Amino acid sequence: MTEAQQPQTTGLRDGAPRRSPGEPSWVSLMVHDIAGIQHFYESLFGWEFAPGPEQLGPYVRALVGGHDVAGIGQLPPDRHLPVAWTPYLATEDTNRTAETIRLCGGTVGVGPLDAGEAGRLAIASDTAGAVFGIWQPAEGLGTAVSGVAGAPAWNELLTRETESVVKFYQAVFGYEVEAEVSADFDYLTLHVGSRPVASLHGVGQSLPRDRGAHWMTFFEVDEPDEAAALATDLGGQILQPPRNAAHGRVVTIADPEGAALTLIRSAHRRPRTVA
């Protein structure tokens, strides 16, 4: 492993970084068959697993090289919710941010609630209906490593158009916005200070009718084409075939329960999808 490939860790106890409000700090998946999905991602990414906060019910933390990267939880048997990866955006006060979300036209569906001593969370949806979480860290439980295979690389909101929904995220998190200079490409990058942290991509009529607006998490892999083939062997499916994008080679897949994710081989943590 070269110096450039070494895992990057900072900040909180257990290596999780202390992030500014609005920065993606965690990504989590709630599924029906937690054991089966663990096997899928263990085989795909080489993840190891450790028990998560007991207050979240059956829940495990995915580890890369001993560092937390993501979480997987078990849905109650009577809950028939869409299965999707959900990014959590950092906040210094979950209660206050949840109230701001409501005042700005969003919806808070879960919480705020405590996840033991790890922190405090809520799950919300924006004005376009895309679901995201907010996370106030205490002792940890944040993505603690980046730049290596199996770790989250980027988060992007896919929506019909960005003009209205970006105002929501700016009001809630205070983002600065950089627009793509193109008359026919609706793409915005969200910045915290001078650092790009996420993006909004308006895809118009290309937005899947069965999903609506949604956040997409990118995970770093060494070989996207090989990873996509492995995912299908493990019971997943390819949603968009391997392709070259502005910041690397990407492929969008779904796991066996239908959760979509994008695999990327990138030198930078700022990929852009191709409509």
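The questions and answers below concern strands, a helix, salt bridges and one leucine in a predicted model.

Q: Which strand is joined to β5 by 3 bridges, and which residue in that strand is the bridge partner of Leu89?
A: Strand β5, covering residues 85–90, runs parallel to strand β8, covering residues 131–137, and 3 bridges join the two. Within β8, the residue that serves as bridge partner of Leu89 is Ile134.

Q: How many bridges join β7 to β8, and do the two strands run parallel or antiparallel?
A: Ala124 stands opposite Phe132 in β8, and β7 and β8 form a hairpin with 5 residues between them. Strand β7 spans residues 119–125, and its pairing with β8 comprises 7 bridges, the direction being antiparallel.

Q: Which residue in the turn between β7 and β8 has a positive phi, and of about what value?
A: The two strands form a hairpin, with 5 residues between them. The turn residue with a positive phi is Gly129, and the angle is about 95°.

Q: Why do the buried residues of α2 line one face of the helix, and within what arc do they fall?
A: In helix α2, which covers residues 94–103, the residues Thr94, Thr97, Ala98 and Ile101 are buried. Because these buried residues fall close together in direction when seen down the axis of α2, they line one face of the helix, and the arc that holds them is 105°.

Q: Which residues on the other side of α2 are exposed, and which elements are included in what covers its buried residues?
A: On the side of α2 away from the buried residues, Arg96 and Leu103 are exposed. The cover over the buried residues includes two strands that also form the hairpin, β7 and β8. Also included in that cover are β6 (107–115) and α3 (162–173).

Q: Which residue caps the N-terminal end of α2, and with which residue does its side chain meet in a salt bridge?
A: A side-chain oxygen of the capping residue, Asp93, lies 3.1 Å from the backbone nitrogen of Asn95. Asp93 is partly exposed, with a relative accessible area of 27%, whereas its salt-bridge partner counts as exposed at 59% relative accessibility. The side chains meet at 3.9 Å, N to O, and that partner is Arg96.

Q: Which residue follows α2 with a positive phi, and near what value?
A: The helix is made up of residues 94–103. Beyond α2 comes a glycine whose phi is positive, near 95°, namely Gly105.

Q: What distance separates the closest N and O atoms in the salt bridge of Asp225 with Arg249?
A: A search of the whole structure finds 7 salt bridges, one of them being that of Arg120 with Asp114 at 2.9 Å. For Asp225 and Arg249, the closest N and O atoms are 2.7 Å apart. This pair links distant parts of the chain, since Asp225 lies in helix α4 and Arg249 in strand β15 (residues 248–254), with a separation along the chain of 24 residues. Asp225 counts as partly exposed at 35% relative accessibility, and the distance asked for is 2.7 Å.

Q: Is Leu230 buried, exposed or partly exposed, and how far apart are the C-alpha atoms of Leu230 and Phe40?
A: Leu230 has its place in helix α4, residues 224–233, and touches Ser43 and Leu44, not counting residues up to four places away in sequence. With a relative accessible area of 30%, Leu230 is partly exposed. Leu230 and Phe40 are 190 residues apart along the chain, and their C-alpha atoms are separated by 9.6 Å.

Terms used
Residues numbered from 1 in each chain as written. Predicted model: local features only at pLDDT ≥ 70, side-chain atom pairs only at ≥ 80, totals over all residues. Heavy atoms only, no water. Helix = DSSP H or I, 4+ residues; strand = E, 2+ residues; numbered from the N terminus. Buried < 20%, exposed > 50% of the residue type's maximum accessible area, 1.4 Å probe, protein only. Contact = heavy atoms within 4.5 Å. Pairing = 2+ DSSP bridges. Arc of directions from axis to C-beta. Polar contact = N/O pair within 3.5 Å; in protein donor to acceptor, adjacent residues only side chain to side chain. Salt bridge = Lys/Arg side-chain N within 4 Å of Asp/Glu carboxyl O.
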